[in-house]
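Work through the exercises below with the model open in your viewer. Try each task before you read its solution.

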Amino acid sequence: MVLTTVTDELISAFDRARSVTVLTGAGVSAESGVPTFRGGGDSEIWTWRGKPVTELSSAELMATDPKLVWEWFDHRRGMLTGIQPNPGHFALAEWERRASDFTLVTQNIDDLHRAAGSLNVLELHGNIWRARCLRCASTFEARDTPLEENPPLCLACGGPARPDVVLFGEILPEGVFARAEEAATRADLFFVIGTSAVVYPAAGLPIAAKRSGARVIEVNPEMTDISFIADVTLLGRAGELLPQFLKQRG
Ligand code: APR
């Protein structure tokens, strides 16, 4: 079923839900001015200094030219400086306050869900404002942008650090993905918001939820690779549609 507004039926299903799990992608931050990766909204495929995102954010480049990887992430941190969460982020934080069992799984590394007040957030791809030591593996906040030093040095052992994000060619942090899968298979309602659903294993979560009996609701201005399994596709922007779930029925 394809809809363009949130019906009373969806609001009551939301109000009745015992367990709600949400998967978000870059589209939920588009209305805050953060470009998406693969289009939709108003952005094209990203390249920087003539290199595509997939190369700049790769384990391969981290091994051969870590300074450039840090320059690339510092460029993105610069773009995020001053960016605020939008009504879509705030609605999800309010959803969490209202639901008895709520899990927010995000592919985004921009930290905007937390900035909007979300608490139970599983960051599948890490966080752009955190660094991880290559020597002792401890993680620490690294919010200075532009970077004071490249690479930033570990606060614990002084070793060189890398961005605490999942790069192309790397596996997701095991514990985090296992908890996301668990929340997906436990859900009554599973929302897929602002993702093209082409990057795995994240894109497998709505399929796991569906198999476990969840009702899958997609929110996106465009049909995506996951629309064929969605029970409902809400065609539109997250910042406009997500707050509608909070309004009174009728
Ligand atoms: N509201 C909801 N969805 C939107 C909006 C909006 N305002 N604007 C755009 N979209 C949708 C687009 O139609 C598109 O389907 O958001 C989706 C963004 O898709 P991608 O750019 O592919 O981003 P995402 O799915 O998050 O990418 C997954 O790929 O590059 C890697 O690690 C990176 O986490 C990222 C992963």
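The exercises cover a strand, a buried threonine, the ligand site and some backbone geometry.

**Ground rules**

This is a predicted model, in which local features need pLDDT of at least 70 and side-chain atom pairs count only at pLDDT 80 or more, while totals for chains, interfaces and linings use all residues. Residues are numbered from 1 along each chain as its sequence is written, and side-chain values use heavy atoms, with hydrogens and water left out.

**Exercise 1. Place strand β7 among its partners.**

Step 1. Find the strand. β7 spans residues 126-133. Strands are DSSP runs of E with at least two residues, helices are runs of H or I with at least four, and both are numbered from the N terminus.

Step 2. Check burial. In β7, 6 of the 8 residues are buried. Buried means under 20% relative accessible area, exposed over 50%, and partly exposed in between (1.4 Å probe, protein chains only).

Step 3. Find the partners. Pairing requires at least two DSSP bridges between two strands. β7 runs antiparallel to β9 (residues 161-165), with 4 bridges. β7 also pairs with β8 (residues 139-141) in the antiparallel sense, over 3 bridges.

Step 4. Fix the register. Cysteine 133 faces alanine 161 of β9. Arginine 132 is opposite threonine 139 of β8.

Step 5. Inspect the turn. The β7-β8 hairpin has 5 residues between its strands. Alanine 137 sits in this loop. Its phi is positive, near 65 degrees, in a residue other than glycine. Alanine 137 is partly exposed, at 49% relative accessibility.

**Exercise 2. Is threonine 233 buried or exposed? List its contacts.**

Step 1. Locate the residue. Threonine 233 belongs to strand β12 (residues 232-235).

Step 2. Read the area. Threonine 233 is buried because its relative accessible area is 2%.

Step 3. Collect contacts, meaning heavy atoms within 4.5 Å. Leave aside neighbours within four places in sequence. Threonine 233 then touches Met1, Val2, Leu3, Glu218, Met223 and Ser227.

**Exercise 3. Describe how the protein surrounds the ligand.**

Step 1. Build the shell. A residue is near the ligand if one of its heavy atoms lies within 4 Å of it. There are 23 residues around the ligand, and those that come nearest are Glu31, Phe37, Arg38, Thr195 and Ser196.

Step 2. Sort the shell. It holds 7 nonpolar, 12 polar and 4 charged residues. Here Ala, Val, Leu, Ile, Met, Phe, Trp, Tyr, Cys and Pro are nonpolar, Asp, Glu, Lys and Arg are charged, and the others, Gly among them, are polar.

Step 3. Look at individual N and O atoms. A polar side-chain atom of glutamate 31 is 2.7 Å from a ligand nitrogen. For glutamine 107, a backbone N or O atom lies 3.2 Å from a ligand oxygen. A polar backbone atom of alanine 238 is 3.0 Å from a ligand nitrogen.

Step 4. Assess cover. On its own the ligand has 740 Å² of accessible area, and the protein covers 95% of this. The areas come from the Shrake-Rupley method with a 1.4 Å probe.

**Exercise 4. Inspect the backbone in two loops.**

Step 1. Take the loop between β8 and β9, where proline 146 lies. The bond joining threonine 145 and proline 146 is cis, with omega about 0 degrees.

Step 2. Move to the loop between β10 (189-193) and α9 (205-211), which contains proline 201. The peptide bond from tyrosine 200 to proline 201 is cis, with omega near 10 degrees.

Step 3. Stay between β10 and α9 for alanine 197. Its phi is positive, about 55 degrees, although alanine 197 is not a glycine. Alanine 197 counts as buried because its relative accessibility is 5%.

Definitions and conventions
A polar contact is a pair of N or O atoms within 3.5 Å; within protein, one must be able to donate a hydrogen and the other to accept it, and residues adjacent in sequence count only if both atoms are side-chain atoms.
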